[in-house]
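Let's take a friendly walk through a protein model, one feature at a time. Keep the structure open beside you as you read.

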Amino acid sequence: MMRKTMGSMLAGWMLPWSLSLGMLGNAAAQPQPQAQALDPVEQRIAAEVKAWSPQALDLLKQSVLINSGTMNLQGVRQVGQLFRSQFDALGFKTSWVEMPPAMGRAGHLLATREGTPGRGKRLLLLGHLDTVFEPGSAVPMWELKDGRIRGQGVSDMKGGDVIVIAALRALHRAGVLDGAGIAVLFTGDEEEAGNPKTVSRGPMQELAKRSDLALSFEGSIIDKDGLATATVGRRATATWELQVSGRQGHSMAVFGANGYGAVYEAARILDAFRQQVAEPGLTFNPGLILGGTEVTVDTANSRGTAFGKTNVIANSVAVKGDLRYLDYAQRDRAQARMRDIVGHSLPGAGASIAFQESYPPMAVTPGNLKLLELYSRASQDAGLGRIGAVPAEARGAGDIQFVAPLLDSLDGLGASGNGAHSPNEDLDPASIERGAIRAALLIYRLTR
């Protein structure tokens, strides 16, 4: 599958697209274009966003007060219906994309507008309806304190969903939405994507094939200097499982006739990973370890049991972990080193390791960097400041990665907050208006 690019908008940018993060530093060092005054239509767009800001926050509150943990299928659908009514009012054709019942996921909200052929870029806008907070969570649903909003999914990412709606509403009110080719997909299982991912993310990839550019509205990170940022690259994710065996026997013979056993062998392997595999942008985290003479692992629920006695050499260890990498070359290097380490066992022990892919990488590409430049220019023209780039290793996995190999993409266009996935998840309310103005101007310019 060939990756789409921004065509004439990318003059001078068409380089090989598997690029290092060094490009981020180079891009940041380039002179920034001077801000231009918004034309009358763009001024109307920004004014429409500002006029609707109180209603945008009210819509956010309505959505947050509905628990939509990934496994709360009814709650996810309710939030989807709330947002669906907004898209209906803007003239979008809406539908609910069902997932197979066996998958245990609620499905996705799809809203589309057919564009005028040959007019501007066809856009795919991404958000998600679910949160990490399942029913019964002790995290407050909605709390306003010291000028910030705290609650379940306020910044990850119901705030981003509201920004999408506020931006499109402003374009509609300004009379410039007709003729724009736009597809919006709000997934119902971003926090824990249903398997197989070829099914749960198949609709998204089909939409990408019919689009030119993808914009995702995960939260905008504010850097240490107070600069708003967007995301041009995200690391891939994979999992690994290490199985270690040892020769069971009396502990008095450990290091001798019975060898080192499974626990020492597992310790050797993990410490060798730490010392010999690490490189910039690569992480590998052992999240679950069980060892003893009787070990059972419940893979589906990431738990297990272990039994062992101190006077018996353990015969079994199981380790589960994740692997995050910038590109496939880095993945291949890491996996080769890990396999080599696993293959040199201590006496009386043996081990094997298996890898399973999860999210593909969002590579830092010339097209993604050009999109960032256009987004930053829109922000500056609106008087909202420059937009920087987040290093790929500073973000977790996200839906954008399933389409980034197919077309130029930009993420992190959502609301600004802190503490995502934690009891302290919060939101800067003013970031909804800022994000909606930036997004509306970018969408307007791209679709002309």
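## Pockets, strands and charged pairs

Four strands each supply at least two residues of the lining of the largest pocket: β9 (236-246), β10 (283-292), β13 (316-325) and β14 (349-359). Before you go further, keep in mind that this is a predicted model.

How much space lies in the largest pocket? The volume comes to about 1,200 Å³. Its lining is made of 33 residues. If you want to find the middle of the pocket, look for E192, N195, K197, T239 and S358, which lie nearest its centre. Sorted by class, the pocket lining has 14 polar, 11 charged and 8 nonpolar residues.

Next comes the enclosed space. A search of the whole structure finds 1 cavity of 30 Å³ or more, and the largest cavity has a volume of about 30 Å³. Among the residues that line the largest cavity are L126, G127, H128, M157 and D399. Strand β3 (residues 123-128) gives the most to this lining, with 3 residues. By class, the lining of the largest cavity has 4 polar, 3 charged and 2 nonpolar residues.

Now let's turn to a sheet. Strands of a sheet pair through backbone hydrogen bonds, either parallel or antiparallel. Here, 3 strands form an open sheet in the order β4-β5-β17, and the pairing is antiparallel. The edge strands are β4 (142-145) and β17 (426-427), each of which pairs on one side only. Between β4 and strand β5 (residues 148-151) there are 4 bridges, in the antiparallel sense. To see one of them, start at E143: its bridge partner in β5 is R150.

The last topic is charge. Side chains of opposite charge can pair when their charged atoms come close. How many salt bridges does the structure hold? The number is 25. Three of these pairs are set out below, each with its N to O distance.

| Salt bridge | N to O distance |
|---|---|
| D426 and R148 | 2.8 Å |
| R324 and D322 | 2.8 Å |
| R331 and E357 | 3.6 Å |

Why does the pair of R331 and E357 tie together separate parts of the chain? R331 lies in helix α9 (residues 328-342) and E357 in strand β14, so this salt bridge ties together parts that are 26 residues apart in sequence. R331 counts as buried at 18% relative accessibility, because buried means under 20%. Its partner E357 is partly exposed, with a relative accessible area of 39%. Strand β14 is also one of the strands that supply the lining of the largest pocket.

The salt bridge between D426 and R148 takes us back to the sheet, with its closest N and O atoms 2.8 Å apart. D426 lies in strand β17 and R148 in strand β5, so the pair ties together parts that are 278 residues apart in sequence. D426 is buried, with a relative accessible area of 13%, whereas R148 counts as partly exposed at 27% relative accessibility.

In the pair of R324 and D322, the side chains meet in a salt bridge. R324 is partly exposed, with a relative accessible area of 25%.

Which residues are linked in a network of salt bridges? They are E42, D381 and R445.

Definitions and conventions
Residues numbered from 1 in each chain as written. Predicted model: local features only at pLDDT ≥ 70, side-chain atom pairs only at ≥ 80, totals over all residues. Heavy atoms only, no water. Pairing = 2+ DSSP bridges. 1 Å grid on protein atoms, 1.4 Å probe; cavity = no way out; pocket = protein on both sides within 12 Å on 5 of 7 lines; lining within 4 Å. Points joined across faces, edges and corners; volume = space filled by probe spheres on them. Nonpolar A, V, L, I, M, F, W, Y, C, P; charged D, E, K, R; others polar. Salt bridge = Lys/Arg side-chain N within 4 Å of Asp/Glu carboxyl O. Buried < 20%, exposed > 50% of the residue type's maximum accessible area, 1.4 Å probe, protein only.
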